[in-house]
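Visitor: Could you walk me through this model, one question at a time?

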Amino acid sequence: MFCRVKPAGGYEYLQIVHSQRVDGHVRQQVIGTVGRVDLLRQSGQLDQLLCSMGRFAQQTAVLSAYQQGQAQATGSVRIGPPLVFGRLWEELGLAAILGRLLRHRKFGFAVERAVFLTVLHRLMASGSDRAAELWKDGYDIPGAQDLDLQHLYRAMAWLGEELDQSQQADATFPGVAPRCTKDLIEEALFAGRRDLFTGLSLAFFDTTTLYFEGEGGQDLGRHGHNKDHRPDLKQMVVGMVLSGDGRPVCCEFWPGNTTDAKTLLPVVKRLRGRFGIEQVCVVSDRGMISDATVAALEDEHPGLKYILGARLRSDHEVRDKVLSWPGAYHQVHGPRQQSKDPSPLKVKDVRFTAEDGRDRRFVICHNREQAEKDRHDREAIVAALEDQLKHGAKALVGNRGYRKYLACQGEKVFGIDHAKVKDEARFDGKWVLRSNWDDASAEQLALRYKDLWMVEAIFRAAKSALDTRPIYHKCDQTIRGHVFCSFLGLVLMKELQQRLEERFGHVEWQRLCDDLDALERITVEGQGKRFELRLPPRGEAGKAVQAAGVALGPALRLLE
């Protein structure tokens with residue numbers, strides 16, 4: 001039974017219609033015509049009629065009483081994040097993967113639920129695992145209400161637990177960075193989503209550092225080059241591999257004093273050995289490159305392609321030979337016409353045989369906008385330096401920005417090194433790539449390398465949006481599990497963003513989280529009965545619900 005509007009004689013009439021199926025066909029019967037719509041609205045009779053009929057509908061009566069303050073709300077719980085990310089958790093197979101690995105373990109609590117709770121907390125609120133225990137009370141997370149803090153810690157330890165010796169053959173650093181439970185989860189997740197990666201031709205790899213508030217475990221916590229400018233604290237090195245479309249594939253953890261150049265080969269070995277990816281091009285920045293690393297890549301992994309950033313100033317071959325290579329640049333992108341246009345880019349291909357008998361291929365990339373910025377920055381530094389020299393040069397030696405343009409002109413006498421200033425101009429707006437991908441054009445290599453920013457964005461999300469720090473854990477196992485939960489959070493985050501972009505375009509992440517957090521279910525008591533009232537999704541939450549394929553169900557439900 002429903003209402004409809006029927007036009008007649010220039011007016012619209014409100015009718016009550018009964019619909020039924022007769023002999024396989026839908027038949028509609030007009031029960032009665034209420035009157036002209038405009039007159040019903042003007043007189044207020046339509047509202048009176050609806051209120052009068054609402055007395056006989058329990059759900060409508062309770063909803064109306066709640067809106068008028070005549071029914072009491074006895075409790076509320078947030079349902080948006082568990083619904084959306086819980087669906088993605090199931091569809092990606094993470095619940096099934098953890099279930100298989102836990103099949104013969106007897107923990108006495110729901111480990112899979114503890115991991116999901118930690119990942120969900122990392123996505124929505126961040127902070128330490130200690131905060132997740134209290135945070136969960138405001139959310140309807142199936143199977144997680146009985147979990148305590150000790151359960152979360154034990155789940156973290158299980159994720160970072162070392163596998164037995166028979167499964168350590170492909171450890172990135174045997175004895176230092178062993179294979180753990182989290183490696184099995186990554187490999188099973190990759191296998192379950194292999195259709196997405198069958199055409200995997202690019203693997204982006206980069207590293208970052210995470211510092212500890214305490215000692216940082218037995219082996220992971222070490223002093224090293226800190227990318228967060230906290231050399232006073234012990235740290236760990238985290239590496240991550242992304243597919244060409246930005247999906248996280250795996251992560252690796254090493255002690256904090258591990259140099260970047262030592263991490264690339266073990267990761268390539270794992271991509272080929274454990275994931276079975278044979279034809280792949282590894283893209284990484286200049287911190288990973290050294291002659292020994294490149295030689296080992298070519299000798300130990302024939303057929304592997306790589307695109308590596310090269311050091312401009314410290315690599316003599318690049319500085320003295322490649323940058324001086326004759327020939328014209330090829331323009332990829334011209335000057336911007338609008339702000340959203342790609343940045344200007346031109347490239348030059350350089351190929352030669354080096355003294356060690358190996359063929360070399362470099363690509364010089366030049367960004368005109370960046371070159372202008374570099375020039376203005378250098379001129380500003382030199383101008384400030386000239387002004388400072390008038391007041392004495394002793395304090396300038398300790399300034400890193402000034403020091404490279406200073407020259408000693410006598411005992412305790414310093415002046416501007418104009419030859420150095422002129423030499424620095426050679427590097428304005430340039431970066432150099434080294435690759436063995438002979439079939440790819442210089443333009444393709446440059447554009448693929450620029451996509452490496454995705455890894456940097458992922459690391460920023462892990463440190464800020466997911467707030468992996470602070471890390472208070474004292475054991476290597478729980479530290480690895482803690483950071484791996486951020487990796488799983490990034491997997492869910494990327495999956496949802498991918499679905500949203502395909503259907504709705506770009507959605508701002510923090511606004512999405514705020515709107516999901518506002519999706520609540522309220523328990524209402526009125527008319528002698530208890531109901532559950534679900535608030536409608538607001539803003540970006542509706543898009544997330546659709547993208548995840550979640551059915552919200554009725555807005556009002558009677559509780560027995």
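The questions and answers below go through sheets, helices and side chains in turn.

Visitor: Before we start, what kind of model is this, and what pLDDT do local features need?

Guide: Happy to help: residues are numbered from 1 along each chain as its sequence is written, and side-chain values use heavy atoms, with hydrogens and water left out. This is a predicted model in which totals for chains, interfaces and linings use all residues, side-chain atom pairs count only at pLDDT 80 or more, and local features need pLDDT of at least 70.

Visitor: In the open sheet of 3 strands, what is the strand order?

Guide: Strands are DSSP runs of E with at least two residues, and helices are runs of H or I with at least four, both numbered from the N terminus. Two strands pair if DSSP finds at least two bridges between them. In this sheet the pairing is antiparallel, and the order is β1-β2-β3.

Visitor: Why is one side of β1 and of β3 left without a neighbour in the sheet?

Guide: β1 (2-8) and β3 (25-36) stand at the edges of the sheet. One side of each is free because each has a single partner strand.

Visitor: How many bridges join β1 to β2?

Guide: Strand β2 covers residues 11-22 and runs antiparallel to β1. Within this pairing, Lys6 stands opposite Tyr13 in β2. The number of bridges joining β1 to β2 is 7.

Visitor: Which residue that is not a glycine has a positive phi of about 55°?

Guide: Look in the loop between β2 and β3, where Asp23 has its place. Asp23 is exposed, with a relative accessible area of 73% (exposed means over 50%, buried under 20% and partly exposed in between, with a 1.4 Å probe and protein chains only). The residue with that positive phi is Asp23.

Visitor: Which are the edge strands of the sheet of 9 strands?

Guide: This open sheet has mixed pairing and the order β7-β6-β5-β8-β9-β15-β12-β11-β10. Each edge strand pairs on one side only, and the two are β7 (248-255) and β10 (330-333).

Visitor: How many bridges join β11 to β12?

Guide: β11 (residues 345-353) and β12 (residues 359-366) run antiparallel. Arg351 stands opposite Arg361 in β12, and Lys348 stands opposite Ile364. The bridges between β11 and β12 number 8.

Visitor: Which residue takes a positive phi in the hairpin of β11 and β12?

Guide: That hairpin has 5 residues between the strands. The phi in question is near 85°, and the residue is Gly357.

Visitor: In β11, what is the bridge partner of His330?

Guide: β10 and β11 pair in the antiparallel sense over 3 bridges. In β11, the partner of His330 is Val347.

Visitor: Is Glu252 buried or exposed?

Guide: Glu252 is found in strand β7. Glu252 and Met240 are 12 residues apart in sequence, while their C-alpha atoms are 6.3 Å apart in space. At 6% relative accessibility, Glu252 counts as buried.

Visitor: How many residues of helix α11 are buried?

Guide: Helix α11 spans residues 264-273 and is mostly covered. Its buried residues include Leu264, Val267, Arg270 and Arg272. The count of buried residues is 7 of 10.

Visitor: At what angle do α6 and α19 pack?

Guide: Axes are lines fitted to C-alpha atoms, for helices over the stretch in contact, and angles run from 0 to 180 degrees between N-to-C directions. The axes of α6 (residues 111-124) and α19 (residues 476-504) are 9 Å apart. The two helices are roughly perpendicular (65 to 115 degrees; under 35 is roughly parallel, over 145 roughly antiparallel and the rest oblique). Their packing angle is about 70°.

Visitor: How many aromatic pairs are there?

Guide: Rings of Phe, Tyr and Trp (its six-membered ring) pair if their centres lie within 6.5 Å; planes under 30 degrees apart count as stacked, over 60 as edge-to-face and the rest as tilted. By this rule the count is 9.

Visitor: Why is the pair of Phe107 and Phe109 edge-to-face?

Guide: Phe107 and Phe109 are both buried. Their ring centres are 5.9 Å apart and their planes stand at 75°, so the pair is edge-to-face.

Visitor: Which ring does the charged end of Lys182 sit over?

Guide: A charge sits over a ring if NZ of Lys or CZ of Arg is within 6 Å of the ring centre and within 35 degrees of the ring normal. The charged end of Arg230 sits over the ring of Tyr211, 5.5 Å from its centre. For Lys182, the distance is 4.9 Å and the ring is that of Phe253.
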